[in-house]
Amino acid sequence: MAEQILFIIFGILAVGSAICVIAFRNPIHSALALVLTFFSLAGLFISLGAYFVAAVQVIVYAGAIMVLFLFVIMLLNLGRLQTTRQINKAKVFAVIVGILLAAEAIYIGIKAYDGTAVSPAQGESQAVGAAITSEQLNRISEIESTYHLDRTEINSTYVPEVSEQKSTVETLTASEANLLIAKLQGEMGKPDRIGTILFTKFLLPFEVTSLVLLAALIGVIVLVKREDTDTAA
């Protein structure tokens with residue numbers, strides 16, 4: 001229940017701050033709203049058990065990329081906080097964001113201390129001793145396809161960790177299958193799995209993103225050159 005509530009909260013924050021990015025007229029305010037969007041997305045990744053992706057989201061985007069954005073804003077001299085009222089609004093906004101981030105950090109720390117930080121497996125069965133269901137088998141097959149896992153690897157590595165008496169996925173009970181699904185879902189946050197998926201299944205979107213960033217860089221250079229030309233004239 002708590003995971004669902006946090007997922008809804010972070011989802012609302014992500015959508016609301018993304019709207020603020022394009023709604024604010026001051027570029028600095030838009031940049032701060034974008035930071036909140038990045039942190040909200042990191043919270044969503046954490047609620048899904050993707051801790052490595054959440055850490056990369058904060059370090060790379062909320063850190064390095066935002067420094068680049070702010071550098072461009074200052075270089076073009078676009079943002080100015082002129083009035084005391086604007087500064088007070090910025091302080092209130094910063095306090096709210098700080099409280100939300102502190103609450104997120106406390107929640108993650110409590111879950112990590114209790115050992116319940118990994119998101120629960122989907123479709124838990126009511127019957128503890130019942131055989132594995134077709135829905136659970138389909139879920140395991142989806143995980144295999146998404147994370148490039150092999151059934152032989154699952155049977156030899158992960159099934160013994162769930163049940164010492166079983167050797168294949170098909171022989172597991174429903175409760176053991178839920179444990180196996182939760183363990184396989186943990187693979188999503190591992191760097192090697194992310195790298196494999198990124199440079200195989202999602203290679204085209206990855207390259208397209210690099211082209212978009214290159215186009216943005218060229219656009220910044222064009223804007224700066226035009227500003228220099230107008231100043232010289």
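Colleague: Before the pockets, which residues count as nonpolar here?

Modeller: Ala, Val, Leu, Ile, Met, Phe, Trp, Tyr, Cys and Pro count as nonpolar, Asp, Glu, Lys and Arg as charged, and the others, Gly among them, as polar.

Colleague: And what kind of model is this?

Modeller: The model is predicted: local features need pLDDT of at least 70, side-chain atom pairs count only at pLDDT 80 or more, and totals for chains, interfaces and linings use all residues. Residues are numbered from 1 along each chain as its sequence is written, and side-chain values use heavy atoms, with hydrogens and water left out.

Colleague: By class, what lines the second largest pocket?

Modeller: Its lining has 15 nonpolar residues, with no polar and no charged ones. A pocket is an open set of points on a 1 Å grid over the protein atoms alone, where a 1.4 Å probe fits, with protein on both sides within 12 Å along at least five of seven lines; lining residues have an atom within 4 Å of a point.

Colleague: Which of those residues lie nearest the centre of the second largest pocket?

Modeller: Leu68, Phe69, Val72, Ala216 and Val220. H3 and H9 are the elements that give two or more residues to that lining; helices are DSSP runs (H or I, at least four residues), numbered from the N terminus.

Colleague: Now the largest pocket: which residues are closest to its centre?

Modeller: Val53, Val56, Tyr61, Ile194 and Leu198, out of 23 lining residues.

Colleague: Which helix gives the largest share of that lining?

Modeller: H3, with seven residues.

Colleague: And by class?

Modeller: The lining of the largest pocket has 17 nonpolar, four polar and two charged residues.
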